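Here's a quick briefing for anyone opening this one up for the first time. Take a look at the sequence and the model, then read on.

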Amino acid sequence: MRRPVIAGNWKMYKTIAEAVEFVKRLRPLVAKSDHCDVVVAPPFTALAAVAEAARGSNIAVSAQDCHWDKEGAHTGDVSPQMLVDVGCSHVIIGHSERRHDHGETDERANRKLNAALAAGLVPIVCLGETLAEREAGKTRDVLRRQSHGGFAALTPTEFSRIIMAYEPVWAIGTGRTATAKMAAESHGYLRELVAEQFGHGVGSGLRILYGGSVKPDNAGGLMAEEEIDGALVGGASLKLDSFAAILNYPRR
Ligand code: PGA
């Protein structure tokens, strides 16, 4: 049994006060949500305050990116150790917006992943194809490239600590969700790749989240797929009612 994860990626939204208010109101709504892990990923500026507001609850705090070095002359960057220091347990790595806005590559994602694991964080590693790649029939090639590049040189034990997020770029923030079947097919393929690389036990234990326009009305259908182990939610995680509705998706 893979325990589902529902994670909210707040991107570049929310002041410290808004983030803290959100978490205070979320706490009672998830106090009994023992069917899944609950994660929120505020912007860097709100991490310390959110970690404090979430203390003693079942809400885990994630950053949205990190550097691969422990410290150094890297203006504007934040190290995995600093994220631990501020109270994070998770970090998102390789999000398509980082790939697009900041030239993130599979090789850099791999370095960040190693550094995050060494610092004791749980990396949530994102991969997924663009619309042009899907239409050209290249989805599997892209997933294979990202997965081989992103996970190079990890041991099966290291890999077993990560969470993967399949996020087709064309579905992010567009209101265009992959159908549950499309997502499940990609998840199945990713799991096969992982099994080839790290062995069947690791493949079958890996939690793969779907991300891309997850909303309260499609969360149940996505989560009903055997292959889908949770959701990485952007837009709909910014409002308490929609995030709570997704967290409490209809269960069989
Ligand atoms: P979205 O974003 O839910 O707004 O599509 C998902 C993500 O980018 O993680």
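Is R55 buried or exposed? R55 is exposed, since its relative accessible area comes to 56%. Keep in mind as you go that this is a predicted model. The points below cover charged pairs, two helix packings, a couple of backbone oddities and two buried residues.

**Salt bridges**

- Side chains of opposite charge can pair when their charged atoms come close.
- Here, the count of salt bridges is 17.
- R55 takes part in one of them: its partner is E52, and the closest N and O atoms sit 2.6 Å apart.
- E52 counts as partly exposed because its relative accessibility is 46%, while R55 is exposed at 56%.
- Another pair is R191 with D229, whose side chains meet at 2.9 Å, N to O.
- R191 belongs to helix α9 and D229 to the loop between α11 (216–223) and β8 (230–233), so this pair ties together parts 38 residues apart in sequence.
- R191 is buried, with 8% relative accessibility, and D229 is buried too, with a relative accessible area of 5%.
- Salt bridges with shared partners also join D65, R98, E104, R108 and K112 into one network.
- D37 pairs with R207, with 3.0 Å between the closest N and O atoms.
- That pair links distant parts of the chain, as D37 is in strand β2 (residues 37–41) and R207 is in strand β7 (residues 207–211), 170 residues apart.
- D37 itself counts as partly exposed, at 24% relative accessibility.

**Helix α7 against α9**

- Two packed helices are described by the angle between their axes and the distance between the axes.
- For helix α7 (residues 139–150) and helix α9 (residues 180–198), the angle is about 40° and the axes are 10 Å apart.
- That angle makes α7 oblique to α9.
- The α7 and α9 crossing is right-handed.
- On the α7 side, the residues involved are T139, R140, L143, R144, S147 and H148, and they meet E185, S186, Y189, L190, L193, E196 and Q197 of α9.
- Sorted by class, the contact of α7 with α9 has 4 nonpolar, 5 polar and 4 charged residues.

**Helix α5 against α7**

- Helix α7 also packs with helix α5 (residues 106–118): the axes of α5 and α7 come within 8 Å and cross at roughly 40°.
- That makes α5 oblique to α7.
- The crossing of α5 and α7 is right-handed.
- From α5, D106, N110 and L113 meet R145, Q146, G149 and G150 in α7.
- By class, the contact of α5 with α7 has 1 nonpolar, 4 polar and 2 charged residues.

**Backbone oddities**

- Most residues other than glycine have a negative phi.
- K11 is not a glycine, yet it has a positive phi of about 50°.
- You'll find K11 in the loop between β1 (5–9) and α1 (16–30), and K11 counts as buried, at 18% relative accessibility.
- S213 isn't a glycine either, and its phi is positive at about 55°.
- Look for S213 in the loop between β7 and α11, where S213 is buried with a relative accessible area of 9%.

**Two buried residues to look up**

- T139 is part of helix α7 and is buried, its relative accessible area being 13%.
- Setting aside neighbours within four places in sequence, T139 is in contact with E129, E133, R134, Y166 and S186.
- One of those, S186, is on the α9 side of the α7 contact described above.
- L83 sits in helix α3 (residues 80–86) and is buried, with just 1% relative accessible area.
- Which residues does L83 touch, leaving aside neighbours within four places in sequence? L83 is in contact with F44, L47, A63, D65, C66, V78, C88, V91 and L121.
- D65 is in that list, and the C-alpha atoms of L83 and D65 are 9.6 Å apart, with their places 18 residues apart along the chain.
- D65 also appears in the salt-bridge network with R98, E104, R108 and K112.

Notes
Residues are numbered from 1 along each chain as its sequence is written. This is a predicted model: local features need pLDDT of at least 70, side-chain atom pairs count only at pLDDT 80 or more; totals for chains, interfaces and linings use all residues. Side-chain values use heavy atoms; hydrogens and water are left out. Axes are lines fitted to C-alpha atoms, for helices over the stretch in contact, and angles run from 0 to 180 degrees between N-to-C directions. Helices (H or I, at least four residues) and strands (E, at least two) are DSSP runs, numbered from the N terminus. Angles under 35 degrees count as roughly parallel, over 145 as roughly antiparallel, 65 to 115 as roughly perpendicular and the rest as oblique. A crossing is left-handed if the near helix is turned anticlockwise from the far one by less than a right angle, and right-handed if clockwise. Contact means heavy atoms within 4.5 Å. Ala, Val, Leu, Ile, Met, Phe, Trp, Tyr, Cys and Pro count as nonpolar, Asp, Glu, Lys and Arg as charged, and the others, Gly among them, as polar. A salt bridge is a side-chain nitrogen of Lys or Arg within 4 Å of a carboxyl oxygen of Asp or Glu. Buried means under 20% relative accessible area, exposed over 50%, partly exposed in between (1.4 Å probe, protein chains only).
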